Amino acid sequence: MRHVAKGHDGPDTRPLSEAVLLILVSLADEPRHGYALMKDIEMLSNGRVRMSTGTLYGALRRLLEDGWIERFEQEDTSRDKQAYRLTAVGRRLLESEVERMKQLTRAASARLRTSEV
Amino acid sequence: MIVARVYRVLLRLYPAEHRQVFGTEMIGVFERAAADQRGLVTYVRFAVSELWGVIRGAAAERMHTRRAAVPAASGPPADLAAAEQRVTALVNRTIHAIAHHDFETARLCSREEIVEREKLRVLQEGYRTGDSQ
């Protein structure tokens, strides 16, 4: 898949790129439209990542194409009609990625503790 | 505003298909984000990042369109190739999930694969009908 970094153990075991991960995390609790996504990603990353519209919509297009997110029309808003939400596959893949990151942080913490002793 | 005008002009660098789907939305998001910027330095930084982002984004989308168009000339049509890719990706995900004992993901991917396979079948059917006419 294109939105993952290069790895040695096949395309499906590679970690997600930061842009993709941030978009998926942002959509994890509720559907969001483009502007809300941009603001939420900035907040999620403590202001470190301000995604340009070029980057955002490139990533959204790829995620839509791969079926990780879907686009739908929100009925209750006049300004931002098009919104995005996670698909069941997208949610499950995000959960797998979070689990992978947890395992990695646990291993890193354990090794750091060992090296302090 | 000049930057907004330049932004709209640069959007024309995107492939027509991308513009049709996302163009209006991108302009809307850009305008709202531009209105949020306070102070000249912040605004200039925002403008540079946005304009450069559009140039890079358009280049990436053009490359993607070109890559997708290659099989259309020598192999199956682009939509058929994309559908085949989706099925292959889901099969790979299922295998990977099973290998890692993540059976819930495997089940989910397998279910998605059935849906995608059906879409692929309908597409193939459509092309076959088109050929015979």
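This is a short tutorial dialogue on reading a predicted two-chain model, chains A and B.

User: Happy to start simple. Which elements does chain A have, and in what order do they run?

Analyst: A good first step is to list the elements and then follow them along the chain. Chain A has four helices and two strands, and from the N terminus on they run α-α-α-β-β-α.

User: What share of chain A is buried?

Analyst: Buried residues make up 31% of the 117 residues in chain A. You can pair that with a look at sequence separation: among contacts in chain A with a separation of 6 or more, 39% are between residues 24 or more positions apart.

User: Let's zoom in. Which residues of helix 2 of chain A are buried?

Analyst: In helix 2 (residues 34-44) of chain A, the buried ones are Gly34(A), Tyr35(A), Leu37(A), Met38(A) and Ile41(A). Now look down the helix axis: these buried residues fall within an arc of 165°, so they line one face of helix 2 of chain A.

User: And what covers those buried residues?

Analyst: The cover includes helix 1 (18-29), helix 3 (53-65) and strand 2 (82-86) of chain A, and helix 2 of chain B takes part as well. While you are there, check the backbone just after helix 2 of chain A, where Asn46(A) takes a positive phi of about 55°.

User: Since chain B has come up, how many residues of each chain are in contact with the other?

Analyst: Count each side separately. Here 27 residues of chain B are in contact with 22 residues of chain A. On the chain B side, the elements that give two or more residues are helix 2 (16-36), helix 3 (40-74), helix 4 (78-99) and helix 5 (103-132). By class, that side of chain B has ten nonpolar, seven polar and ten charged residues.

User: How do I read a helix pair, say helix 1 and helix 2 of chain B? At what angle do they pack?

Analyst: Take the angle together with the distance between axes. Helix 1 (residues 2-11) of chain B packs against helix 2 of chain B at an angle of about 160°, with the axes 11 Å apart. An angle over 145 degrees counts as roughly antiparallel, so that is how helix 1 of chain B lies relative to helix 2 of chain B. The crossing is right-handed.

User: Which residues meet there?

Analyst: From helix 1 of chain B come Ala4(B), Tyr7(B), Arg8(B) and Leu11(B). They meet Arg19(B), Gly23(B), Met26(B), Ile27(B), Phe30(B), Glu31(B) and Ala34(B) of helix 2 of chain B. The residues of this contact divide into seven nonpolar, one polar and three charged.

Terms used
Residues numbered from 1 in each chain as written. Chains lettered and ligands numbered in written order. Predicted model: local features only at pLDDT ≥ 70, side-chain atom pairs only at ≥ 80, totals over all residues. Contact = placed C-beta atoms within 7 Å. Nonpolar A, V, L, I, M, F, W, Y, C, P; charged D, E, K, R; others polar. Buried ≥ 20, exposed ≤ 12 C-beta atoms within 10 Å, placed from the backbone. Arc of directions from axis to C-beta. Axes fitted to C-alpha atoms, helices over the stretch in contact; angles between N-to-C directions. Parallel < 35°, antiparallel > 145°, perpendicular 65-115°, else oblique. Left-handed = near helix turned anticlockwise from the far one by under 90°.
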